[in-house]
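Dear colleague,

I am handing over the structure below, together with an account of what was found in it. Please read the text alongside the coordinates, and bear in mind that this is a predicted model.

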Amino acid sequence: MELSFLHKFTQKPDMAAGPAGAFSSEAADNPLVERFGGWSGMLVSLGERLQFLNGSTEEEFLAIGARLHDFYARAGEIERTSRRVTDLILGEEIGRDMGALQEILDRIADYLSHAERETEESTRTLDTILGFIDHVDDSLDGFRKIIKNLHMLSTAVKIESARLGEGAAGFTTLADDVERLSVSIKEKSADIIGEKETLARMIGETLSRVTTLEAEQRANARLILDRTRHSIATLTGIHGRCSAAAALVSSHSAEVAEGIGEVVTSLQFHDITRQQIEHVSEAMDELCALLGDRSADPSSTAAEVADVCGLQVAQLSHARDELVTAVERIVDNLRAIARKETRMSDETREMAGTADGAGDSFFAEMERDMGRVAEVLSENAAANHNLVSAMGSVVASVRDIADFVTAIEEIGSEIELIALNSQVKAANTGEGGAALGVLAEAIQHLSVEARARTGAVSDTLRKVTEVTESLSSGFDATAGTIATEVNSLIAELKGLLSSVRGVNGQLLSLLGSMDGEVQALSRDIDGATSTVGVHQTVAGVIGEAIAGLDEVVREVRPLVPAAAAGVQERRLRELVERYTMHSERKVHETIVGRGSAKRAGAASAGFATPAAVAASDDGFGDNVELF
Amino acid sequence: MAKTIMTVDDSASVRQMVSFTLKQNGYDVVEAVDGKDALAKLPGHKVDMVITDLNMPNLDGIGLIKGVRANPAYRFTPIVMLTTESQDSKKAEGKAAGATGWIVKPFKPEQLVAVVKKVLG
């Protein structure tokens, strides 16, 4: 665009064109006059190109100015979004959630300590039960001996009964009864052993489950507590960062406002440069008129042309430098605004706990942690329920064993009756039944032993029953409390999760919106600044004008080194009067000399130097004066 | 209710920056391209302040001040010159015509806003 625009200014001036009027024959013979046409043509051409430049560059400034409205409004919206993010994190809702989280943390710690103690207690109880059950084996060994003896006694009674013949007929029935008792005890013992083994296995499994549960509980407890503490510490950190971020956003806002202010100031340089170029053009027009003045002295005219052209070179250089610097400031400041907005967005995101642009936030992590806490508590409640159920099975199994023991006790009584009956029968049999009397006595001893054995088994199983039922009833009593406590914790966690999820949703929405706004703004600023080429155009045209004026000066100087002092002073005074800007006068002073400018300035109107203006400064700045 | 400020300048880019600065700070703005245009637009608006350039075609800033002051409704309305001109003689001329203040271009937005606040009370 710039290059196609520039071609409008690249037409070469016609150095051969002559001034409109004709010189006297004497003047026309002067070799200087021959050059006047070329110089005049050059000045006219350069003047036209500078005028065209003045009238054709404002559109680009206006276009930037129009975008500035948009950029400023969008930067303001981004700042407001950033503040909303900060306000959201610093808001009441998060503060309330933090408090609730801290409270739940304490309650979870209490609950887990309680659960841990219960587990230890359960383990100890089950170990005790297992020890009792082992003792049952000793008692059951005794039953095996009783069974063997009963079997032998039954056989012996049968033999003795057969030897005695008719006189001991009733002993055959007695032998059968003894044998039946032996079988019955054997069966009941087998049942007890079977049930005992089932019970031992059940308790072993329950113990294993309790031990595993205990380990898991401890591990989960550490995990939960560590993570929750970490979450709270992170949230506390975020709160701290948010407080700092509020100041940061204000600082960014001030920087952006400063950048916009710089752009506003710089955009005025189109008007300033336009006026400077107009003053140069007017000076060049006057030189053209002078070159066409047939009554003027050619040497004096040539010297004046060189002096004024040299001065205009300086004025144009200054105007070009000012405008190029202003446009560069515009571009630099707009790009800096885009960078600042991006940085503010990044810092806001970081402050909110999001390390990357993946849309994840600290609150999402906290939500997951809370979910894990609820999950672990649910698992714990389920494990407790299973333990209670297992203890119920243990109790039922112990009751079954107790029933078998009762049956054996009944057998013991029966043995006793049989023994008594056999003793009576042996006594009735007389001397021949003496052997049977010995057997009856042996049966009697067995009945005593059986009673002792069943008593031992009975005692052991009663202890097992008592301990088991005590544990079971403890579990039954606490199971309800635990379930209520866990349900309450889970309900509160769910409420907290819902709140955190809501904040997280708002946060992500704001951050996403801010990201989009910042990216769009950066893209648009980049697009707007990348096409700015007005300064290059201006620099190109002014550069050519400077080259043309320099060429004129180079041609004049070897022919006419300097103008007469009086003429030079008059001309320079006229130029000073045309200046409106302090910078133009400064350039003039630099080129012509301070003394000359002061004389010229004093002869015309006074002008305020910065120092003079500063003296009347009323706080608004050097360039402002209120009357 | 927002106060209305008239900006008078033959440079569209300067009018644009004055408007931008004032609108960002809550003022309503009326634009005029020169003194003549300003005087023509003045009766249609209740203008609380005028910010004008000095050198303009048709009617310059000094002429505009005189024209505004001739209207009894605007005799005490603040008029601030915003110009590249920095000569004391010109300032004196503006002051004599009835200007309230003088700002040499380029202005910084905060300067303009401070001056506006000051003169509008």
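The strands of interest form an open sheet of six, in the order 1(A)-5(B)-4(B)-3(B)-1(B)-2(B), and the pairing within this sheet is mixed. Strand 1 of chain A (624-626) and strand 2 of chain B (28-32) stand at the edges, and each has a single partner strand, so one side of each is left without a neighbour in the sheet. From one strand to the next the twist averages 15°.

Helix 1 of chain B (residues 12-24) packs on this sheet, where it touches strand 1 (4-8), strand 2, strand 3 (49-52) and strand 4 of chain B, and its direction makes about 170° with that of strand 2 of chain B.

Within chain B, the pairings can be followed strand by strand. Strand 1 and strand 3 of chain B pair in the parallel sense over four bridges, and here B:Thr7 has B:Ile51 of strand 3 as its bridge partner. Strand 3 of chain B is joined in turn to strand 4 of chain B by three bridges, again with the two strands running parallel, and B:Thr52 has B:Met81 of strand 4 as its bridge partner. Between these two strands the chain passes through helix 3 of chain B (residues 61-70), in a β-α-β crossover that is right-handed. Strand 4 (residues 79-83) and strand 5 (residues 101-104) of chain B also run parallel and are joined by four bridges, with B:Thr83 standing opposite B:Val104.

Strand 3 of chain B deserves a separate word, since in a regular strand the side chains alternate between the two faces of the sheet. Both faces of strand 3 of chain B are covered, with B:Met49 and B:Ile51 buried on one side and B:Val50 and B:Thr52 buried on the other.

Turning to the interface, chain A and chain B bury about 3200 Å² between them, of which 59% is on carbon and sulfur atoms. On the chain A side, A:Gln268, A:Asn623 and A:Phe627 lose the most area to chain B, together accounting for 22% of what that side buries. The contact takes 38 residues from chain A and 35 residues from chain B. Four salt bridges are found across the interface of chain A and chain B, and the side chains of B:Lys105 and A:Asp271 meet in a salt bridge at 2.7 Å, N to O.

With best regards

Technical notes:
Residues numbered from 1 in each chain as written. Chains lettered and ligands numbered in written order. Predicted model: local features only at pLDDT ≥ 70, side-chain atom pairs only at ≥ 80, totals over all residues. Heavy atoms only, no water. Pairing = 2+ DSSP bridges. Axes fitted to C-alpha atoms, helices over the stretch in contact; angles between N-to-C directions. Contact = heavy atoms within 4.5 Å. Buried < 20%, exposed > 50% of the residue type's maximum accessible area, 1.4 Å probe, protein only. Right-handed = clockwise from strand over helix to strand, strands pointing away. Buried area = accessible area lost by both parts, 1.4 Å probe.
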